[in-house]
Amino acid sequence: MKKIVIAGGTGFLGQSLRAFFEQKGYQVVILSRTPLSDQANVKYHEWDGKHLWNWTGTLEDAEALINLTGKSVDCRYNAANKKLIYDSRLDATKVLGLAIGKCVKPPKVWINAASATIYRHAVDKQMDEITGELGTGFSVDVCRKWEETFQEQLVPETRKVVLRIAIVLGKNGGALQPLKKLVQFGLGGKQGPGTQFFSWIHEADFVQIVDRVIQDPSLCGHYNVAAPQPVTNADLMKSLRNTLHIPIGIPMPGWLLKLGALMINTETELILKSRNVIPAKLSEAGYKFKFATLKDALNDLLCAKQ
Ligand SMILES: NC(=O)c1ccc[n+]([C@@H]2O[C@H](COP(=O)([O-])OP(=O)(O)OC[C@H]3O[C@@H](n4cnc5c(N)ncnc54)[C@H](OP(=O)(O)O)[C@@H]3O)[C@@H](O)[C@H]2O)c1
């Protein structure tokens, strides 16, 4: 039985991948800080995302290692949270590199999560992997150091791929559920100027892309994992209102968003940054998106029978 190891696999994206690969007949091994009971084809191994111990043996002869570890960025960016956001990503990446170095038969491919937020705030042009311009500030610095740490890991027998993931829209987690609630409360107007772009991807495409990366040895380096048509925030909110049949959406000016973010312990950057990212390398590799338009993605996620 082929084996896939997912570090940080208990979260939103990890559970989407677990379900997909379990159904495909793989054995899935999840590295988690919490001791969890094994299920049929899913095994859990405890680790701390920092130190080597006997979990390293789980990487032996794996088809793929997928690293999704990282403290959620949906929090206030105070000093303590900033440190956790950096450390959880950089430490896990380093220790996985060390663990691969100890394998007799190292994983064939190592896919490390990264973020499309590495690019600058862009309303004027779309950011692809070749001509896209990297930004500045805390979140971009996290992304840069995360990717640099990954590049520094010397694992000559393992193919390395970085996925710069846009905001994943899914049924069981991520950004879509809070947005849905906001719209249902009648607060689904444009947020801030509404001209900022929203790069997104349906979770079904996310898992298909991970699968494609595993199967296709010609893919290496970094890839933007975003649907080909980013939309403005005003269009996003309008599509949500239309899909949910909510005729009214009160707009949220920047000052109100700041107050709201403070009250719910998050940051307005997650809403106000213009993420205008396109998947040039995936398109060049011939990847066909199952959900290329936001309308189709929202219809599937919010209207289709479960
Ligand atoms: N979801 C998105 O839209 C999106 C977009 C771009 C990038 N990403 C990146 O993709 C990765 C996975 O995203 P996700 O949405 O699945 O995140 P998630 O639901 O928050 O899951 C991340 C996992 O990381 C582990 N973790 C959390 N804090 C940690 C810490 N301090 N030290 C070590 N491990 C820790 C947790 O596993 P245990 O508690 O079991 O150890 C958790 O299940 C993240 O790195 C995220 O930044 C996500």
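## Close-up views of a predicted model

**View 1. Backbone atoms meet the ligand.** In this predicted model, an oxygen atom of the ligand lies 3.3 Å from a polar backbone atom of Gly-70. Overall, the protein covers 81% of the 880 Å² of accessible area that the ligand has on its own. Look also for Phe-12, where a polar backbone atom is 2.9 Å from a ligand oxygen, and for Leu-13, whose backbone N or O atom is 2.8 Å from an oxygen atom of the ligand.

**View 2. Who surrounds the ligand?** There are 20 residues around the ligand, and Thr-10, Leu-13, Ser-32, Arg-33 and Arg-89 come nearest. By type, the shell has 10 nonpolar, 7 polar and 3 charged residues. At least two shell residues each come from helix 1 (12–23), helix 2 (79–101), strand 5 (109–115) and strand 7 (167–169).

**View 3. Rings that pair up.** The whole structure holds 7 aromatic pairs. One of them joins Tyr-287 and Phe-289 edge-to-face, with 4.9 Å from centre to centre and 85° between the planes. Are these two rings' residues buried or exposed? Tyr-287 has a relative accessible area of 12%, so it counts as buried, the cut-off being under 20%. Phe-289 is buried too, because its value is 14%. Elsewhere, ring pairs link Phe-20, Phe-21 and Tyr-26 into a cluster.

**View 4. Charges over rings.** Here you can find Arg-89 over the face of Trp-146, 4.9 Å from the ring centre. Arg-89 may look familiar, as one of the residues that come nearest to the ligand. In another spot, the charged end of Lys-281 sits over the ring of Tyr-223, at 4.2 Å from its centre.

Definitions and conventions. Residues numbered from 1 in each chain as written. Predicted model: local features only at pLDDT ≥ 70, side-chain atom pairs only at ≥ 80, totals over all residues. Heavy atoms only, no water. Near = heavy atom within 4 Å. Polar contact = N/O pair within 3.5 Å; in protein donor to acceptor, adjacent residues only side chain to side chain. Areas by Shrake-Rupley, 256 points an atom, 1.4 Å probe, with all protein chains shown as cover. Helix = DSSP H or I, 4+ residues; strand = E, 2+ residues; numbered from the N terminus. Nonpolar A, V, L, I, M, F, W, Y, C, P; charged D, E, K, R; others polar. Phe/Tyr/Trp six-rings, centres within 6.5 Å; stacked < 30°, edge-to-face > 60°. Buried < 20%, exposed > 50% of the residue type's maximum accessible area, 1.4 Å probe, protein only. Lys NZ or Arg CZ within 6 Å of the ring centre and 35° of its normal.
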